[in-house]
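Work through the exercises below with the structure in view. Each task is followed by a solution in steps.

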Amino acid sequence: MLATNGVNGPLKGIKVLDWTMWQMGPVATAMMGDMGADVIKIEALDGDAGRAVRRAITLDTGLVADRNAYFESGNRNKRGIAVDLKTVEGVEIVQKLAEKTDVFVQNFRQGVAERLGLGYDTLREINPMLVYGSASGYGPNGPDSNLPSFDGCGQARSGLMMSATPAGALEPNRVTQGASDQMGAIMLCLGVLAALVARSEQGVGQKVDSSHLGSNMWLQGNGITMSLLTKGGKFGSYERKKAANPLSNLYRCKDGRWVQIMHLQPDRHWVPFSKVMGMEEYIEDPRFATMDDRTQNNTELVEIIDRHFATKTFDEWDKSFREAGDFIYSRVQEIEELQDDPQVIANDYITTFDHPALGAVKMCNHPVTYSETPAGIFREAPELGQHTEEILIDELGYDWPDIERLKDKGAIL
Ligand SMILES: CC(C)(COP(=O)(O)OP(=O)(O)OC[C@H]1O[C@@H](n2cnc3c(N)ncnc32)[C@H](O)[C@@H]1OP(=O)(O)O)[C@@H](O)C(=O)NCCC(=O)NCCS
């Protein structure tokens, strides 16, 4: 019988072996844990390198009780075992676990798993219905498939950096917080979930590969395909002062708060927008009569709208927009502001979790809500090797003398 972790999420009853490190692999399996899967994280005896991350750009990740914000974030909802996979006994433990698992996930450099006896071809012999998820920098095939990769490499190679770079900037820009790792993780999780459906509907186990390159191309997939369909049509960088559609642009309010207006049917919104902005004198102005006219005279119109936005604070505009009708806009926020955003609070997008070592903490929650099988944060990230004995004894039938023997051999912590 499958062990479950007592959580009624959509993946209740699914067991995941999580041999991952850093962010891309761990976040994929943390999402499965959010959804109620029973996730066992396998670490080397010196731990996932992510435990040692001490700084994320300017943010100090260190927490009390020797905890680490980077590791806590990517490894919630997991139990953990520490196994030296360079011992025969260690590999045997993981192979035995793989026999009983539904999903196995790893994000080591291509070839590492095969070298240690944990490649797909070996594990499918042991468990033919296994869903084997693997993440790499550049995909499973091709000249660079074996190259190591971190977040920035994915952003660089996929075009994401240049997409995030303002026109005229002399240096490429980078989206912070491991966005490319996060995207790789989301796609890996999605692939594994689809393979679980294929397993139940078609009776097949299989290997699922995601990569920084493929995932971050897909993040921009609409643009890439539009460029391809238009035979290399260039997207160009966003230029606020020369926005092709000034009704879909960024403006600064009197209090310094930026607002993104997003009227993609500008002819529908031109008159009501001009009225709410107090720009009635421009409604019949031939320079701005149609979308094409406004594109033609965009710099003048952006300057006019700039001047008007500068007359009221964001809250005043917000009130005016809500009262006057149907406008599409959002304030521009810093991530530190999100925890106070009533909309975030109402949807529990940031949730409070009672961490045994840290106390009540706020964390970014699973992003999807399920009406019948809720996802969430149920368990803190494991300490290194915290559940090794419990798992070996309860799940694999080892006894205490076995545990002592394995410790003596250096196979477990
Ligand atoms: C992340 C990355 C750059 C790290 O590279 P690295 O530190 O050189 O590590 P590798 O993946 O090459 O190898 C991992 C090593 O740890 C060892 N290892 C892993 N788990 C182990 C365990 N439980 N016990 C013993 N050894 C273990 C492996 O055997 C390997 O050592 P070896 O080369 O001597 O066999 C690389 O793994 C990578 O590119 N992965 C794919 C893309 C990715 O996920 N990047 C991270 C995004 S957050």
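**Exercise 1.** Sort the shell around the ligand by residue class and find which residues come nearest.

*Solution.* Step 1: in this predicted model, the shell around the ligand holds 12 nonpolar, 6 polar and 5 charged residues. Step 2: there are 23 residues around the ligand, and those that come nearest are Trp22, Ala44, Asn107, Arg109 and Pro148. Step 3: two or more residues of the shell come from each of helix H1 (24–34), helix H4 (112–116) and strand S7 (131–136). Step 4: H4 gives the most, with 3 residues.

**Exercise 2.** State how the protein chain is divided into domains, and how far apart their C-alpha centres lie.

*Solution.* Step 1: domain 1 is made of two segments, 15–221 and 368–408. Step 2: domain 2 covers 240–335. Step 3: between the C-alpha centres of domain 1 and domain 2 there are 44 Å.

**Exercise 3.** Describe how strands S12 and S13 are arranged, then decide why S13 lies largely in the open.

*Solution.* Step 1: locate strand S12 at residues 350–355 and strand S13 at residues 359–364. Step 2: S12 and S13 pair in the antiparallel sense, over 6 bridges. Step 3: the two strands form a hairpin, with 3 residues between them. Step 4: for one bridge, take Phe353, whose partner in S13 is Val361. Step 5: a residue counts as buried if 20 or more other C-beta atoms lie within 10 Å of its own. Step 6: of the 6 residues of S13, the number buried is 0, so S13 lies largely in the open.

Conventions:
Residues are numbered from 1 along each chain as its sequence is written. This is a predicted model: local features need pLDDT of at least 70, side-chain atom pairs count only at pLDDT 80 or more; totals for chains, interfaces and linings use all residues. A residue is near a molecule or strand if its C-beta atom, placed from the backbone, lies within 6 Å of it. Helices (H or I, at least four residues) and strands (E, at least two) are DSSP runs, numbered from the N terminus. Ala, Val, Leu, Ile, Met, Phe, Trp, Tyr, Cys and Pro count as nonpolar, Asp, Glu, Lys and Arg as charged, and the others, Gly among them, as polar. Domain bounds come from an automatic or database domain assignment. A residue is buried if 20 or more other C-beta atoms lie within 10 Å of its own, exposed if 12 or fewer, and partly exposed in between; C-beta atoms are placed from the backbone. Two strands pair if DSSP finds at least two bridges between them.
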